[in-house]
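Colleague: Let us go through this model together. I would like to begin with the ligand, then turn to the pockets and the strands.

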Amino acid sequence: MENEFNVEEYKTAVGSFVTGIAVVTALSPDGPVGFTCQSFTSLSLDPPTILISVARTSRTFSTIALHKKFCVNILGAGSAHIAYDFAFMDPAIRFIAHSWNSTSAGNPVLEASMAWLDCELVRSIEVEDHLVVIGRVVSLGGSKEYKGPLTYFRGSFGGFVQLQDL
Ligand SMILES: Cc1cc2nc3c(=O)[nH]c(=O)nc-3n(C[C@H](O)[C@H](O)[C@H](O)COP(=O)(O)O)c2cc1C
């Protein structure tokens, strides 16, 4: 049965599903590019694949489509400012504001990443105003120093509280 809802009601409903936050990066001929992404999820284990949902308007995706590789940088608690900047800051200065290195595959990796996954583009599927982008994970790394993840819930950044064992 269908009911009527507006875009804000839709965002509140889907935003009730809490996610982590990643910055998806790639190397363009003009330098590193990247954007904040909450739609990351692991897809298969053998072989390991992941998926992200990317707006057709994404400038980063044009680089991913060209070079067929990208990196998923998963952010830890304390990196909400990075998530904000990679969503709203001028793309030309995102990597000036935040330190980065290169993975062996040649993708940019943020120094602040809690974990990162180097991916080869498997395929992208056009669905309405977005693309479902599937990547094969070819290498990974991260830091053991992080105590918890950065989370996103109904438009706000947060953390993670472990429940006591029942
Ligand atoms: C918390 C948060 C999550 C986001 N998740 C996504 C996402 O999953 N897919 C997407 O295409 N854009 C997402 N965005 C929007 C992009 O980060 C934003 O449009 C960015 O400027 C695109 O950069 P680009 O055009 O340089 O690739 C998200 C923004 C925020 C604040």
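Colleague: Which residue puts a polar backbone atom 2.7 Å from an oxygen atom of the ligand?

Modeller: First, this is a predicted model: local features need pLDDT of at least 70, side-chain atom pairs count only at pLDDT 80 or more, and totals for chains, interfaces and linings use all residues. Residues are numbered from 1 along each chain as its sequence is written, and side-chain values use heavy atoms, leaving out hydrogens and water. The pair you ask about is a polar contact (N or O atoms within 3.5 Å). On the protein side, the backbone atom belongs to Ala-87.

Colleague: How much of the ligand's accessible area does the protein cover?

Modeller: On its own, the ligand has 650 Å² of accessible area (Shrake-Rupley method, 1.4 Å probe). The share covered by the protein is 82%.

Colleague: Which residue has a polar side-chain atom 2.7 Å from an oxygen atom of the ligand?

Modeller: The ligand is surrounded by 16 residues (a heavy atom within 4 Å). Among the closest are Ala-55, Arg-59 and Thr-60. A nitrogen atom of the ligand lies 2.8 Å from a backbone N or O atom of Ser-53. The side-chain contact at 2.7 Å comes from Ser-39.

Colleague: How much space lies in the largest pocket?

Modeller: A pocket is an open set of points on a 1 Å grid over the protein atoms alone, where a 1.4 Å probe fits, with protein on both sides within 12 Å along at least five of seven lines; lining residues have an atom within 4 Å of a point. Here 36 residues form the lining, and those nearest the centre include Thr-36, Cys-37 and His-130. Probe spheres on the points fill the volume, and it comes to about 1,300 Å³.

Colleague: How many residues of that largest lining are charged?

Modeller: Elements giving two or more residues to the lining include helix H1 (7–14), strand E5 (48–55) and helix H2 (59–67). By class, 19 lining residues are nonpolar and 12 are polar. The charged ones number 5.

Colleague: Which element gives the largest share of the second largest pocket's lining?

Modeller: This pocket holds about 160 Å³ of space. Its lining includes Asp-30, Val-33, Pro-91 and Phe-95, and the classes are 6 nonpolar, 2 polar and 1 charged. Two elements each supply at least two residues: helix H4 (94–97) and E3. The largest share, 3 residues, belongs to E3.

Colleague: How many bridges join E9 to E10?

Modeller: Strands are DSSP runs of E, at least two residues long, and two strands pair if DSSP finds at least two bridges between them. E9 (residues 113–127) runs antiparallel to E6 (residues 69–75), with 7 bridges, and Asn-73 faces Trp-116 there. E9 is also antiparallel to E10 (residues 130–142), where Leu-117 has Leu-140 as its bridge partner. The bridge count for E9 and E10 is 12.

Colleague: Which residue in the turn between E9 and E10 has a positive phi?

Modeller: The two strands form a hairpin with 2 residues between them. The phi is about 55°, although the residue is not a glycine. That residue is Glu-128.

Colleague: Which residue of E12 is the bridge partner of Tyr-152?

Modeller: An open antiparallel sheet has the order E1-E11-E12. E1 (19–20) and E12 (156–158) are its edge strands, each pairing on one side only. E11 and E12 are joined by 3 bridges. Within E12, the partner of Tyr-152 is Phe-157.

Colleague: What is omega for the peptide bond from Asp-46 to Pro-47?

Modeller: Pro-47 sits in the loop between E4 (41–45) and E5. The bond is cis, with omega near 5°.

Conventions: Helices (H or I, at least four residues) and strands (E, at least two) are DSSP runs, numbered from the N terminus. Ala, Val, Leu, Ile, Met, Phe, Trp, Tyr, Cys and Pro count as nonpolar, Asp, Glu, Lys and Arg as charged, and the others, Gly among them, as polar. A polar contact is a pair of N or O atoms within 3.5 Å; within protein, one must be able to donate a hydrogen and the other to accept it, and residues adjacent in sequence count only if both atoms are side-chain atoms.
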